Structures are given as C-alpha cells and as structure tokens.
Amino acid sequence: MRNLRLMMKEQTPLYIFVGVLFLVGVVFGALIVSALTMDQQQELGDYLGNFFVTVDQQGLPAAPDSYWSIAALNLKWIGLIWILGLSVIGLPGILILDFLKGVLIGFTVGCLVSQYSWHGMLFALVSVAPHNLVLIPVLLVSSAAAIAFSLQMIRSRVMGQRRTPVTRPFTMYTILSFVMALLILGISCFETWVTPTMMRWVTPSLVQAVTTLTVQ
C-alpha cells in the first residue's frame, strides 16, 4: 500500500493533465449540443420525453440484469486503458478515451439542460453526477498510471536509456488497475440499485415539463 501511495504521489502531474483533458472534453460535449440543428434537437427532445415517460410508468430493468451490463461497460474502460498502457502505441488511445468520456458526459448534461432547463439539471444531478463522482476519478487514476507505465517503456525500450526491470512497475501498475476495477464494481452497485430510485423521484416533474412543452 505504501508503494501504491508513493506511485500515485509521483503521478500527480499526470492526474492534472488527464483531468484537464477530461474537462476539455466536457466543454466540447456541451458545445456540440448547441451546434445541433433544430430537427436534431426536436428528435432528441422526443427521445428524452419518451424515456422519461417510460421510467415514470414502468421503471427501469431488473436490477441483477442491469448490474452486470453496467459493471461490464465500466470495466471495459478500465481494461482497455490497462491494455493500452502496456504498449507504446496505446498512449494516444488513453488520451482519446479520457477526452471521449468527457464529451459523453458534457453532451448528456448539455442535452438535459438545453431541453428541460432546471428540470434537466435536477435529473442530471441524480442520474449522472452521483456515480460519476467516483467513476471519473477512478478512470483518471487508471489513465495516469497507464500513461506513466507507457512513458517508462518508451524511455527504457525506445529511447535507448538504461534498461530497468519492468517486473516491479508492471506489478504495481496491475495492482492499481485491479483496485480500480474493484471500485468500479462497487460504484456499479450504486448505479444499479440507487440511481434508478433517485431517477424515479424526479421523473414526474420532467414528465410534467414534457407535457407542458407538448401543449405549447
């Protein structure tokens, strides 16, 4: 554990870098919403309206089925980052994944806010924000560790610097990724059993907002 803490402390500049990259992705995703045409915004509004009505009337899929699909999706991000960190050519892919995650969140929140104003913001706070408060740091820590390991391989193998044993760095990198995967399983539980309940609390107001917009 001490070695893990020391490794994470040494990677602080990388955490800042990937964090800024993620935030740039969030801003970019929000800007994409404003670039949509009126027809695209209308189609998006219709889809969201139908989704809110379905959640309000029927709820969400059974928890066990949802858990494994949500956990598998989140674990794929960690697994892909881990694999990309093992290769030199995978370094740009890690940066793309962090940026893409920011774009997805920025676009989602931007769509909700643009369509439903403060109702959409409220829904984003209960459906998007809670689990991502843990999920995003997990992904950023994993990304920083992957970038650090990849850079070490570049310095050791490509740039011809003094070769150092990779067994220990690889072990620490893999252990950290495994710990992050365990956190992913935990936050997937929250996303599966708690988030749907919170969503059903706020969907009636959104359904009312959808009805009001339809009447107008």
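**Ser87**

I started with Ser87, which counts as partly exposed because its relative accessibility is 26%. (Buried is under 20% relative accessible area, exposed is over 50%, and partly exposed is in between, with a 1.4 Å probe and protein chains only.) Ser87 sits in the loop between H4 and H5. I also checked a partner for it: Ser87 and Leu151 are 64 residues apart along the chain, and their C-alpha atoms are separated by 9.5 Å.

**What I am working from**

This is a predicted model, where local features need pLDDT of at least 70, side-chain atom pairs count only at pLDDT 80 or more, and totals for chains, interfaces and linings use all residues. Residues are numbered from 1 along each chain as its sequence is written, and side-chain values use heavy atoms, with hydrogens and water left out.

**Overall make-up**

I counted 8 helices and 0 strands in the protein. (Helices are DSSP runs of H or I with at least four residues, strands are runs of E with at least two, and both are numbered from the N terminus.) Of the 216 residues, 44% count as buried. I then looked at contacts, meaning heavy atoms within 4.5 Å. Among those between residues at least 6 apart in sequence, 84% join residues at least 24 apart.

**Record check**

I pulled the UniProt annotation, an unreviewed entry, and it puts "transmembrane region" on residues 12-36, 77-97, 104-126, 132-151 and 172-194. (UniProt positions are in the numbering used here, feature names are shortened, and annotations may be inferred rather than shown by experiment.) I compared two of these spans with the model. Residues 12-36 are 92% helix and 0% strand, with end C-alpha atoms 37 Å apart. Residues 132-151 come out as 100% helix and 0% strand, and their end C-alpha atoms are 27 Å apart.

**Nonpolar cores**

Which residues touch the most other members of the largest nonpolar core? I found Ile78, Leu139, Ile147 and Met180, out of 31 residues in that core. (A nonpolar core is a set of buried Ala, Val, Leu, Ile, Met, Phe, Trp, Tyr and Cys residues joined through side-chain atoms within 4.5 Å.) The elements giving two or more residues to this core are helices H2 (12-34), H4 (63-85), H5 (91-127), H6 (129-158) and H7 (167-193). H6 has the largest share, 14 residues.

I followed Met180 further: leaving out residues up to four places away in sequence, Met180 touches Ile78, Val138, Val141 and Ser142. There is also a second, separate core of 16 residues, and Leu36, Leu44, Leu112 and Val202 are among them.

**The largest pocket**

I put the largest pocket at about 980 Å³. (On a 1 Å grid over the protein atoms alone, a pocket is an open set of points with protein on both sides within 12 Å along at least five of seven lines, while a cavity is a set of points where a 1.4 Å probe fits but cannot get out; lining residues have an atom within 4 Å of a point. Grid points are joined across faces, edges and corners, and a volume is the space filled by probe spheres set on the points.) The lining has 31 residues, and the closest to the pocket centre are Thr108, Ser127, Val128, His131 and Glu191. H3 (38-58), H4, H5, H6, H7 and H8 (195-215) each give two or more residues to the lining, and H5 gives the most, with 9. By class, I get 20 nonpolar, 9 polar and 2 charged residues. (Ala, Val, Leu, Ile, Met, Phe, Trp, Tyr, Cys and Pro count as nonpolar, Asp, Glu, Lys and Arg as charged, and the others, Gly among them, as polar.)

**The cavity**

How many cavities of 30 Å³ or more does the whole structure hold? My search turned up 1. The largest cavity has about 30 Å³ of space, and its lining is Phe22, Leu97, Asp98, Lys101, Ile136, Leu139 and Leu140. That lining is 5 nonpolar, no polar and 2 charged residues.

**Val194, Thr195 and Ser117**

Val194 lies in the loop between H7 and H8 and is partly exposed, at 31% relative accessibility. Its C-alpha is 9.5 Å from that of Ser127, with their positions 67 residues apart in sequence.

Is Thr195, in helix H8, buried or exposed? Thr195 counts as buried, since its relative accessibility is 3%. Beyond its neighbours within four places in sequence, Thr195 contacts Val126, Ser127, His131 and Phe190.

Last, I noted Ser117 in helix H5, which has a positive phi of about 55 degrees although it is not a glycine. Ser117 is partly exposed, at 44% relative accessibility.
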